[in-house]
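Work through these exercises with the structure open beside you. Try each task before you read its solution.

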Amino acid sequence: EDRFTDQPEVEAELRTTIGKTYQAIGLLDEADRHLSRAAALRDTASPAERLRARLRVGVLRVEQDRLDEAARLITEVRDAAAALGPVDESLFGDASVELARVR
């Protein structure tokens with residue numbers, strides 16, 4: 001928990017990998033703990049990286065059947081990605097697909 005406190009980028013990457021692994025094997029509570037922390041650590045990252053981390057949490061919320069929360073979060077990511085313009089067009093597309101899945 002405190003091994004990389006002085007290296008938030010490293011901790012965020014590790015937690016993302018761990019969280020995605022837990023998610024893939026269906027341990028959603030463990031995935032949530034790591035992906036949510038990774039998203040919080042991304043506050044100093046580029047706007048696209050911050051949004052990508054939040055989108056991962058939104059996708060997890062879908063799998064947790066927390067659809068209202070997922071829809072709100074993914075909509076926020078999609079709208080913010082649209083405002084970024086061509087910086088990361090795939091982010092807008094990914095968020096749009098996930099939002100359609102929620103609906």
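**Exercise 1.** Find the residues that Arg42 contacts, leaving aside its neighbours within four places in sequence.

*Solution.* Remember that this is a predicted model.
Step 1. Locate the residue: Arg42 sits in the loop between α2 (28–41) and α3 (47–63).
Step 2. List its partners. Arg42 is in contact with Ala12, Glu13, Thr16, Glu49, Arg50 and Ala53, once its neighbours within four places in sequence are left aside.
Step 3. Check burial. The relative accessible area of Arg42 is 10%. Buried means under 20%, so Arg42 is buried.

**Exercise 2.** Decide how α3 and α5 run relative to each other, and name the residues that join them.

*Solution.*
Step 1. Take the geometry. The axes of α3 and α5 come within 11 Å and cross at roughly 15 degrees.
Step 2. Apply the cut-off. Angles under 35 degrees count as roughly parallel, so α3 and α5 are roughly parallel to each other.
Step 3. Add the handedness: α3 passes α5 in a left-handed crossing.
Step 4. Name the residues. From α3 come Ala48, Leu51, Arg52, Leu55, Val59 and Val62. From α5 come Ser90, Leu91, Asp94, Ala95, Glu98, Arg101 and Val102.
Step 5. Sort them by class. The contact of α3 with α5 holds eight nonpolar, one polar and four charged residues.

**Exercise 3.** Describe α3: its span, its buried residues and what they pack against.

*Solution.*
Step 1. Compare lengths. With 17 residues, α3 reaches 25 Å from its first C-alpha to its last. That is close to the 24 Å expected at 1.5 Å a residue.
Step 2. Pick out the buried residues. In α3 they are Ala48, Leu51, Ala53, Leu55, Val57, Gly58, Val59, Leu60, Arg61 and Val62.
Step 3. Find the partners. The buried residues of α3 pack against α1 (8–24), α2, α4 (67–84) and α5.

**Exercise 4.** What is the sign of phi at Asp65, and is Asp65 buried or exposed?

*Solution.*
Step 1. Place the residue. Asp65 lies in the loop between α3 and α4.
Step 2. Read the angle. Phi of Asp65 is near 65 degrees, a positive value in a residue other than glycine.
Step 3. Set this against the general pattern. Most residues other than glycine have a negative phi.
Step 4. Check accessibility. The relative accessible area of Asp65 is 58%. Exposed means over 50%, so Asp65 is exposed.

**Exercise 5.** Repeat the helix-pair analysis for α4 and α5.

*Solution.*
Step 1. Take the geometry. The two axes come within 9 Å and cross at roughly 155 degrees.
Step 2. Apply the cut-off. Angles over 145 degrees count as roughly antiparallel, so α4 is roughly antiparallel to α5.
Step 3. Add the handedness: the crossing of α4 and α5 is left-handed.
Step 4. Name the residues. α4 supplies Leu67, Ala70, Ala71, Ile74, Thr75, Val77, Arg78, Ala81 and Ala82. α5 supplies Leu91, Phe92, Ala95, Ser96, Glu98, Leu99 and Val102.
Step 5. Sort them by class. The contact of α4 with α5 has twelve nonpolar, two polar and two charged residues.

**Exercise 6.** Describe α4 and the residue just after it.

*Solution.*
Step 1. Compare lengths. α4 has 18 residues and reaches 25 Å from its first C-alpha to its last. The expected value, at 1.5 Å a residue, is 26 Å.
Step 2. List the buried residues of α4: Ala70, Leu73, Ile74, Thr75, Val77 and Ala81. They pack against α3 and α5.
Step 3. Look past the end. Just after α4, Gly85 takes a positive phi of about 75 degrees.
Step 4. Check one residue inside the helix. Asp68 is in α4 and counts as exposed, at 71% relative accessibility.

**Exercise 7.** Which residues do Ala95 and Glu98 contact, leaving aside neighbours within four places in sequence?

*Solution.*
Step 1. Place both. Ala95 lies in helix α5, and Glu98 is found in helix α5 (residues 89–102).
Step 2. Check burial. Ala95 is buried, with a relative accessible area of 0%. Glu98 is buried, with a value of 18%.
Step 3. List partners, with those neighbours left aside. Ala95 is in contact with Leu55, Ile74, Val77 and Arg78. Glu98 is in contact with Leu55, Val59 and Ile74.

Definitions and conventions. Residues numbered from 1 in each chain as written. Predicted model: local features only at pLDDT ≥ 70, side-chain atom pairs only at ≥ 80, totals over all residues. Heavy atoms only, no water. Helix = DSSP H or I, 4+ residues; strand = E, 2+ residues; numbered from the N terminus. Buried < 20%, exposed > 50% of the residue type's maximum accessible area, 1.4 Å probe, protein only. Contact = heavy atoms within 4.5 Å. Axes fitted to C-alpha atoms, helices over the stretch in contact; angles between N-to-C directions. Parallel < 35°, antiparallel > 145°, perpendicular 65-115°, else oblique. Left-handed = near helix turned anticlockwise from the far one by under 90°. Nonpolar A, V, L, I, M, F, W, Y, C, P; charged D, E, K, R; others polar. Expected span 1.5 Å × (residues − 1).
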